[in-house]
Amino acid sequence: MAGIYLHIPFCKQACYYCDFHFSTSLKRKEEMIYAIKQELLLRKNEFGDEQIETIYFGGGTPSLLSIEEIQFLIDTIYTNYSVVSDVEITLEANPDDLSTQKIKDLSKSPINRLSIGIQSFFDDDLKFMNRAHTAEESKKCLVEAKKYFKNITIDLIYGVPNMSDKKWFLNLQQAFDFKIPHISSYALTVEEKTALHSFIKSGKTPPIDENLALQHFNMLVEESKKQGFVQYEISNFGKPNYFSKHNMSYWLGEKYIGVGPSAHSFNGFERSWNISNNAKYVKDLLENKLPSQTEKLTKNNKFNEYVMTGLRTIWGVSFEKIENDFGAKYLELLIQNSQPFIEKGLLEISKNRILITTEKGKFLADGIASDLFLL
């Protein structure tokens, strides 16, 4: 099984914290859609007979596409790839794009999962992040979306400067009240070359408080558990049967094709990534050239990736898999290097020989994983 990710590199405006590749000019949207189609055609034999289990429109802001443009790209995939009958097709969307008519139209298309970038239910937070929508638009679009879609996930951001525990609790409560079956929630992080980085550096905005983020994370874990959510990955909380199949494929090491500028791909032994330049991407594909670079993964690369993704999920790191895929020496080093974290109560070994992150260690999972990497 494999997945297809489509990076739609357009946004109405730049969120202050975002370092993804996008353009706020839609002038070349039509050319871009055609170029993405060309990339899909050029890569149609890449995975042989593998069936496509998930299709994911990410970005950027894919909800800026018209229904016809979305359908055009889906048709291209169906015509050139083998797609399973119960395929999960996700569209990332912003609340301000989801009018009642747009939601109705999407519900008649093959899209069967909406990922809505709420981020916060409070206008002052949205203004701080430079989001294009209002809190009212968030609530209105969720009311409408629930009439037509069962499978909805929303994004929420915590650790925002000056966001009190009470306000974060109210954000979570609103999500629970809407009975959303999946929540992806991330700590606000400061990436270089973003407006937020510049604001903090100049003193215009207070620096990120890691203790506040940890408090919010612990509240998120505790409150979502009370509501019947399963934290199947550090940042992802789903009701049973509503886990994201597409994101799970990344964490479980399955193959995927990433099309569009800046998109990444994985075929089991190599990673490739497209150029992060819209004009160059379009130009290359008009000349039937793939605008990508490839890196062959070493044994250590594969081991490190498996440890990193495993420790972020409820499936953990399997000793049996480590031994089978990498050898006894790798397992010996993993157990040895894990001991300090086990003693601190951050990691534990389950009965069926799986290394997992404890409740106490979850917030620190990425740091713990990097300390277990083999260089």
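**Exercises on a predicted fold**

The protein chain holds 14 helices and 15 strands. Keep in mind that this is a predicted model.

**Exercise 1.** Work out how the radius of gyration of the protein chain agrees with the globule rule for 375 residues.

*Solution.* Start with the rule, which gives 21 Å for 375 residues. Next, take the radius of gyration of the chain, 21 Å, which is close to that value, so the chain is as compact as a globular protein of that length. For the outline, the C-alpha trace spans about 55 × 50 × 45 Å along its principal axes.

**Exercise 2.** Describe the inside and the surface of the protein chain in numbers.

*Solution.* Begin inside: buried residues, those under 20% relative accessible area, make up 51% of the 375 residues. Then turn to contacts: of those with a separation of 6 or more, 69% join residues 24 or more positions apart. Finish outside, where the chain exposes about 17,600 Å², with carbon and sulfur atoms supplying 51% of it. As for charges, there are 44 positive and 48 negative ones, and their mean positions lie 2 Å apart.

**Exercise 3.** Check the span of helix α8 (residues 210-226), then find its buried residues and what covers them.

*Solution.* First, the span: at 1.5 Å a residue, the 17 residues of α8 should cover 24 Å. The end C-alpha atoms of α8 are 24 Å apart, which agrees. Second, the buried residues of α8 are L212, A213, H216, F217, M219, L220, V221, E223 and S224. To read such a list, recall that an α-helix has 3.6 residues a turn, so residues three or four places apart point the same way. Third, the cover over the buried residues of α8 includes strands β5 (152-158), β6 (182-187), β7 (230-233) and β8 (236-238), along with helix α6 (165-177).

Note on methods: Residues numbered from 1 in each chain as written. Predicted model: local features only at pLDDT ≥ 70, side-chain atom pairs only at ≥ 80, totals over all residues. Heavy atoms only, no water. Helix = DSSP H or I, 4+ residues; strand = E, 2+ residues; numbered from the N terminus. Rg over C-alpha atoms; globule rule 2.2 N^0.38 Å. Buried < 20%, exposed > 50% of the residue type's maximum accessible area, 1.4 Å probe, protein only. Contact = heavy atoms within 4.5 Å. Areas by Shrake-Rupley, 256 points an atom, 1.4 Å probe, with all protein chains shown as cover. Lys, Arg positive; Asp, Glu negative; His and termini not counted. Charge placed at Lys NZ, Arg CZ, Asp CG, Glu CD. Expected span 1.5 Å × (residues − 1).
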